[in-house]
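User: I'm in my first year and still learning how to read protein structures. Could you take a close look at the salt bridges in this one and show me how they fit into the rest of the chain?

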Amino acid sequence: MDQNQHLDKTAEAQSSENKKTRHCNGLKMFLAALALSFIAKALGAVVMKSSIIHIERRFEISSSLVGFIDGSFEIGNLLVIVFVSYFGSKLHRPKLIGIGCFIMGIGGVLTALPHFFMGYYRYSKEINIDSSENSTSTLSTCLINQIVSLNRTSPEIVGKGCVKESGSYMWMYVFMGNMLRGIGETPIVPLGLSYMDDFAKEGHSSLYLGILNAIAMIGPIIGFTLGSLFSKMYVDIGSVDLSTVRITPNDSRWVGAWWLNFLVSGLFSIISSIPFFFLPQTPNKPQKERKASLSLPVLETNDGKSQTANLTSRGKNITKNVTGFFRSFKSILTNPLYVVFVLLTVLQISSYIGGFTYVFKYVEQEYGQPSSKTNVLLGIVTLPIFASGMFLGGYIIKKFKLNPIGIAKFSFFTAVMSLFFYLLYFFILCENKSVAGLTMTYDGNNPVTSHRDVPLSYCNSDCNCDESQWEPVCGNNGITYISPCLAGCKSSSGNKKSTVFHNCSCLEVTGLQNRNYSAHLGECPRSDACITKFYFFVAIQVLNLFFSALGGTSYFMLMVKIVQPELKSLALGFHSMVIRALGGILAPIYFGALIDTTCMKWSTNNCGTRGSCRIYNSTLFSKVYLGLSSVLRVSSLVLYIILIYAMKKKFQEKDTNASENGSVMDEANLESLNNNKHFVPSAGADSETHY
């Protein structure tokens, strides 16, 4: 008998140990799959930001429109976030995350598809859209006293070109693909973290979350590296003879192989979805037990009366939940501390989102650096600093055990320091580009007040040039000319990228001593002093991002401290929704719209409509880009001061009320003690002594 009992206990212990092992292994497999999905999510986000500048040029669209496309990710996210958050916890969470990753991957592939339907990229009007030969033989030079018809084609040819125009509305595929990415990304964080928190051991969730966030940093590093690599590749690589391409990555018309970015990230997301479909709904139950448990409720509710009672109680619960939701929602919206906090974070995060969306364009226009170089520097230099700042911010809050007001002051300090370093950008701006016909007269001797309708000079007025053309050449006087014809060049030698134009009459009037009036293809490079300022920009960017990241942890901590504990989830959800709507969607649009106002030369397609910008007024661009971001940050600091003042006032009132309540309680206790003393002497003596 004893032997049988011993065997039963051994079997039970072994069964219990097997269940623990199965539970542990199931959770580990889920965390490994979730880490892969975190990498895929971060990779897709960085790929989109690093490809913005190439999408704008490839589809011949404005910065404001490309900002709208970028915001479509948040639109997709907002469409399903409520349904996923509510219904997700009631369904098979791993499979829902897997479906989300798969949709995210399909969105990435869909974004890349237009490349295969659009034909060859035409960076110049003079390239035949039906040919892969990008010849320089058609480059127009100054043809004095000759009647020419450069690009003034017949209506029939224009109509044909409009039909085949590569830009058209193919950008809608990119918009829909990015929206699908937003829809697919939605379940990863809320369902993944809730699943992890439900089944992880007590106190292990924070450790797992830290590991997941650390692993997720691999995504941006891969994204920036791929962005740099593919930015150097010509968009039609594999379809055209690259030796015939006469532009370089430094040219404002260059379009890299942006579509490869989305193919890689899309396929990676699809691969990351596969493990989730093989994971159980709960890690501690085998498949047979889960099926049995799912079938039990069906057996128990066979009685019709029970079903009616259940439906009635469910209806009452739904009504109660809806009423409770609106009451809770009203509670957070009437909380002045929470409202101020939401407003200031919207302003601050809008500054970050708008700035990061157009940072590649800013660096290119201000410092003349290609996006491939910016990708490497942002990925390799700034990301580790950003991660270190996030970790250190959390450590400081924990180490010094900061109270809510202390957290608010710490967050304010980091925001002030970040703004201080951001304002330093204004002191390292390069001078405006010297472009004949846009920033100065065509003879190169005098600046102009406006880039609009600059009159031709005597050096090119008889050349019959097409003024809408953009084929920049750099004269050996250091001035960029819109085209060889507008530079007054009479002849050329060499071919493709090494073409040199000679006898350029507009260079003669600038007083060159060596009388070598020649120009070569491409814009004039920035000066050495300007390039040095670029490296100062990178150094300041590191410090700026460090302090921004340092205060990142305090956002979450501060928000949960200023609302009631039972409203934390609702407060976080509403805050996320507002940030996505007003920051993620709107910020890239109004940043892009203001940047468009600084454009000096727009491309025109075969239909005669405006395309993408070829060159900006770099001084005005910098003032708009940096100024808008600075205004948003300063406004958020004003709200920070209001928040800290309101918090101090509220907590002082709480302390006062607590002390008053304490005094009242003391008086009541004394009176009670006296009464007890009067009626029960022995007990009173004991109480008084105790008191």
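Analyst:

**Salt bridges and their surroundings**

The protein chain has 21 helices and eight strands. Keep in mind that this is a predicted model. There are 691 residues in the protein chain, and 46% of them count as buried. The chain also has an accessible surface of about 34,000 Å², with 63% of that belonging to carbon and sulfur atoms. Among contacts in the protein chain with a separation of 6 or more, 79% are between residues 24 or more positions apart.

Now for the part you asked about. Side chains of opposite charge can pair when their charged atoms come close. In this model the count is 10 salt bridges. Let's walk through some of them.

Start with E364 and R57, which form a salt bridge whose closest N and O atoms are 2.4 Å apart. E364 belongs to helix 13 (residues 359–367) and R57 to helix 1 (residues 2–58), so this pair ties together parts that are 307 residues apart in sequence. Are these two buried or exposed? Both E364 and R57 are buried.

Next up is the salt bridge between the side chains of R580 and E74, at 2.6 Å from N to O. This one links distant parts of the chain too, since R580 sits in helix 19 (residues 568–596) and E74 in helix 2, with their positions 506 residues apart. R580 and E74 are both buried.

The third pair, E523 with K433, has its closest N and O atoms 3.7 Å apart. Here the partners come from loops: E523 is in the one between strand 6 (519–521) and helix 17 (528–550), and K433 is in the one between helix 15 (404–423) and strand 1 (435–436), so the pair ties together parts that are 90 residues apart in sequence. How much cover do they get? E523 counts as partly exposed because its relative accessibility is 23%. K433, with a relative accessible area of 14%, is buried. The cut-off for buried is under 20% relative accessible area, so the two fall on opposite sides of it.

Salt bridges can also share partners, and that is how R246, D251, R253 and E471 are joined into one network.

Charged pairs are just part of the picture, so let's turn to the nonpolar residues. In soluble globular proteins, nonpolar side chains tend to be buried together. The largest nonpolar core here has 101 residues, and the members touching the most others are F59, Y234, Y362, F537 and Y625. Helix 20 (residues 618–679) gives the largest share of this core, 11 residues. Which residues does Y625 contact, if you skip its neighbours within four places in sequence? They are G354, G355, F356, Y358, V359, Y362, Y422, F591 and I595. Apart from the largest core lies another one of 29 residues, including C463, Y481, C485 and C489.

Some nonpolar residues are at the surface instead: V82, F83, Y86, F87 and L91 make a nonpolar patch of about 550 Å². L91 is in the loop between helix 2 (63–87) and helix 3 (93–112). With a relative accessible area of 46%, L91 is partly exposed.

Two helices are handy for practising a length check. Helix 8 (residues 218–232) has 15 residues, so at 1.5 Å a residue it should span 21 Å, and its end C-alpha atoms are 22 Å apart, which agrees. Its buried residues are G219, P220, G223, F224, L226, G227, S228, F230 and S231. For helix 9 (residues 258–273), the 16 residues should span 22 Å at 1.5 Å a residue, and the end C-alpha atoms are 24 Å apart, which agrees. Among the buried residues of helix 9 are W258, W259, L260 and F262.

Finally, take a peek at two asparagines with backbone angles worth spotting. N464 has a phi near 55°, which is a positive value in a residue other than glycine. You'll find N464 in the loop between strand 1 and strand 2 (473–475), and it is partly exposed at 35% relative accessible area. N503 likewise has a positive phi, of about 55°, although it is not a glycine. N503 is in the loop between strand 5 (500–502) and helix 16 (505–508). With a relative accessible area of 47%, N503 is partly exposed.

Notes:
Residues are numbered from 1 along each chain as its sequence is written. This is a predicted model: local features need pLDDT of at least 70, side-chain atom pairs count only at pLDDT 80 or more; totals for chains, interfaces and linings use all residues. Side-chain values use heavy atoms; hydrogens and water are left out. Patches are made of residues with over 30% relative accessible area and no salt bridge: like charges are joined within 9 Å, nonpolar side chains (Val, Leu, Ile, Met, Phe, Trp, Tyr) within 5 Å. Accessible areas come from the Shrake-Rupley method with a 1.4 Å probe; for residues, only the protein chains shown count as cover. A salt bridge is a side-chain nitrogen of Lys or Arg within 4 Å of a carboxyl oxygen of Asp or Glu. Helices (H or I, at least four residues) and strands (E, at least two) are DSSP runs, numbered from the N terminus. Buried means under 20% relative accessible area, exposed over 50%, partly exposed in between (1.4 Å probe, protein chains only). The expected span of a helix is 1.5 Å times one less than its number of residues. A nonpolar core is a set of buried Ala, Val, Leu, Ile, Met, Phe, Trp, Tyr and Cys residues joined through side-chain atoms within 4.5 Å. Contact means heavy atoms within 4.5 Å.
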